[in-house]
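Dear colleague,

I am handing over the structure we spoke about, and my notes on it follow directly below. Please read them with the coordinates open.

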Amino acid sequence: MEYRIIDADSHINEPGDVWQSRVPQALRDRAPKMVTLPDGRVGWSFDNGKRVKRVGTAQSGVHVTQSSRSGATPAQIRPASYDPRARLKEMEYDMVQAQVIYPSMALNGLYSYADDRDMQVACVAAYNDWIHEFSSVSPERLVGMPIAPATGVEDLLLEWRRVANRGDRGFVIASYPNGGRYPLPEDDRFWAEVQEWDYAAPIHFGFLGDKPASAAGDLPDLGYLTAAALNDLGVGIYRPIADMIHMGLFEKYPKLRIVAVETGIGWIPYFLQVLDNSFLRRRWASGIHLKRMPSEYFREHIWATFITDAHGLDNRHAIGVDRIMWSTDYPHNNSNWPDSQRFLEYELKNIPAEEKRKILRDNALKMYRLDAAAASNAKEGADEKKPKGESIYCLDGCGQKTRPGSKFKPGHDARLKSMLLKLSREQVKLKDLPAQVQKDLKSGKLNAYKPA
Ligand SMILES: [Zn+2]
C-alpha cells in the first residue's frame with residue numbers, strides 16, 4: 001500500500017472485557033472491570049472496586065462544547081476505539097493510512113491493577129495479546145504498542161522477548177526497566193537488549209506516573225485545565241530525558257533510541273540550550289563528565305511526536321526534521337479527527353514538501369518499518385515462506401549482518417523477504433539488490449523467494 005500520512009501516536013480505549021476474558025480464572029474477581037458510574041459515565045473498577053478510574057479521554061468527534069472532564073458516556077466511546085475494522089474506516093475518514101496505537105487506561109495502568117505481581121503480569125500479558133490480535137487485522141496499517149510490566153527487569157525481559165519474537169513493532173515502557181521511578185544498575189540488562197531491536201523504546205507522556213503540578217483540592221476545574229496544558233507542554237518528560245542523558249545511557253548504549261510520545265516538540269530547542277549550559281557550568285560540581293554535549297545525545301537518540309505545534313514546526317531545524325513525527329491522538333480529546341487534513345494544511349503550509357513528507361510520513365515509516373510490513377503482507381502467503389538458509393541482513397545501509405541466532409530482527413527479515421518477493425515478481429532486477437544479497441543468491445547461500 002502507498003502511505004501518504006502516518007499517525008505516530010493514537011490510542012485505543014480498552015474494550016470492557018479485555019481483562020475479564022483473558023486473565024486466569026483465579027484472578028478475574030480482582031482484574032479490571034468496566035463499570036457504569038452513577039452519573040451514567042464509564043469507569044474502570046480495580047481490585048474488586050477498591051479503586052475506580054473514569055474513562056476520561058474517549059471524546060474524539062464530540063464537539064468541544066459537549067466534552068466533560070468527568071469522562072465519557074458509553075455512547076461517546078466510538079467503536080473504532082476497540083474494533084479494528086471500525087478503526088480502519090475512521091482512519092479513512094481522516095485520510096490517515098497507518099497509526100501507531102497506544103493504550104489509554106493501561107498506559108500507566110501498570111501502577112493500578114493491584115499490588116501483587118501475579119495480577120500485574122497477567123494483566124499486561126492480557127492487554128498485549130489483545131492489541132496484537134487487534135493489529136493483526138491489518139499489520140501494515142495498525143501498529144499496536146504492547147505495554148511493559150512494572151514488576152522488575154526479569155518480568156520485563158520475559159514479556160519483551162515474547163512480544164518481540166512475534167513481530168510487534170515497539171514496547172512502551174511506563175517506568176524505568178526495574179519498575180520504579182528512578183534508574184537502577186539492573187536496568188542495563190534491558191537497555192542492552194532493546195538497543196539491538198529494530199525499533200525504538202517509546203515513552204509516552206505520563207512516563208513514571210509524573211503528573212504536572214496543579215491546583216487540585218477545592219479547585220478541580222483549575223487543576224484540570226492547568227494539568228492538561230502542562231501535559232501538552234511535555235513537562236513530565238523533561239526529568240527522565242535529562243536523567244537518561246546525564247547518566248550516560250546513550251554513551252553506554254550507542255544504538256539505543258527513545259521516542260517521546262505526545263510531548264509536543266516546541267520545548268526541545270530551549271531544553272537543549274539549558275541542558276548544555278547547565279552541563280558546562282556544573283560538570284565538575286556534579287562529577288558527571290559526558291564525552292559529548294547533552295544536546296548531541298538528544299539529537300541522535302530521541303524522537304518526538306506532536307499533534308499541533310506551530311512553534312515547534314517553525315523551529316524544526318533546531319530540533320531535527322528527521323526526529324519529528326506528527327500524530328492525531330485519536331480517539332482522545334486532543335485530536336482533530338476527522339479534520340486532521342484541514343489542520344495540517346494550515347499548520348504546515350510554509351514547510352517545503354520534502355520536509356513535510358518526513359514529518360508526516362517518512363520518519364514514522366522508517367521507525368516502524370511499515371514499508372516492509374506492507375510489502376510482506378501484500379501477497380497472501382508471502383510471510384509463510386522463509387528464504388532458505390540462516391542469513392538475514394540489515395538492508396538499511398548499515399552493512400552489518402544480523403547477529404547469528406538473534407531473534408530480535410523481525411523488520412530486517414521482513415525487508416529481505418519483501419525484496420526477494422519483488423525479485424520473484426520481476427519488479428526489481430538482481431543488480432538492484434544490495435551487494436551482499438546478490439552475492440549470496442549467486443552462491444546459493446540464500447534462495448530466491450518462490451511464491452507458493
Ligand atoms: Zn498519545
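Strand β1 and strand β5 (residues 98-102) pair in the parallel sense over 4 bridges, where strands, like helices, are DSSP runs numbered from the N terminus (E and at least two residues for a strand, H or I and at least four for a helix), and where two strands pair if DSSP finds at least two bridges between them. This is a predicted model, in which local features need pLDDT of at least 70 and side-chain atom pairs count only at pLDDT 80 or more, while totals for chains, interfaces and linings use all residues. Residues are numbered from 1 along each chain as its sequence is written.

Within the pairing of β1 with β5, Asp7 has Gln99 as its bridge partner, and Ser10 has Ile101. Ile101 also stands opposite Gly144 in β6, and β5 is joined to this strand β6 (residues 142-144) by 3 bridges, the two running parallel. As to burial (a residue is buried if 20 or more other C-beta atoms, placed from the backbone, lie within 10 Å of its own, exposed if 12 or fewer, and partly exposed in between), strand β1 (residues 6-11) is mostly covered, with 6 of its 6 residues buried, and β5 is likewise mostly covered, with 5 of 5. Both faces of β5 are covered, since Ala98, Val100 and Tyr102 on one side and Gln99 and Ile101 on the other are all buried.

A separate group of 3 strands forms an open, antiparallel sheet in the order β2-β3-β4. The strands β2 (33-36) and β4 (51-54) stand at its edges with a single partner strand each, so one side of each is left without a neighbour in the sheet. Neighbouring strands here are turned by 35 degrees against each other on average, direction ignored. Strand β3 (residues 42-46) is joined to β4 by 4 bridges, and Ser45 has Val52 of β4 as its bridge partner.

Turning to the helices, the axes of α2 (residues 117-136) and α3 (residues 153-165) come within 12 Å and cross at roughly 15 degrees; axes are lines fitted to C-alpha atoms, for helices over the stretch in contact, and angles run from 0 to 180 degrees between N-to-C directions. The two are therefore roughly parallel to each other (angles under 35 degrees count as roughly parallel, over 145 as roughly antiparallel, 65 to 115 as roughly perpendicular and the rest as oblique). In this packing Val121, Val124, Ala125 and Asn128 in α2 meet Asp155, Glu159 and Val163 in α3, contact meaning C-beta atoms, placed from the backbone, that lie within 7 Å.

The axes of α8 (residues 268-286) and α9 (residues 294-301) come within 8 Å and cross at roughly 140 degrees, which makes α8 oblique to α9. Leu272, Leu275, Asp276 and Phe279 of α8 make this contact with Pro294, Ser295 and Phe298 of α9.

Gln341 lies in helix α12 (residues 340-347) and counts as partly exposed because it has 13 C-beta neighbours inside 10 Å. Gln341 and Met95 are 246 residues apart in sequence, yet 7.3 Å apart in space, C-alpha to C-alpha.

For the chain as a whole, there are 16 helices and 10 strands, and of its 452 residues 44% count as buried. Among contacts between residues at least 6 apart in sequence, 70% join residues at least 24 apart.

With best wishes

How values were computed:
Two residues are in contact if their C-beta atoms, placed from the backbone, lie within 7 Å.
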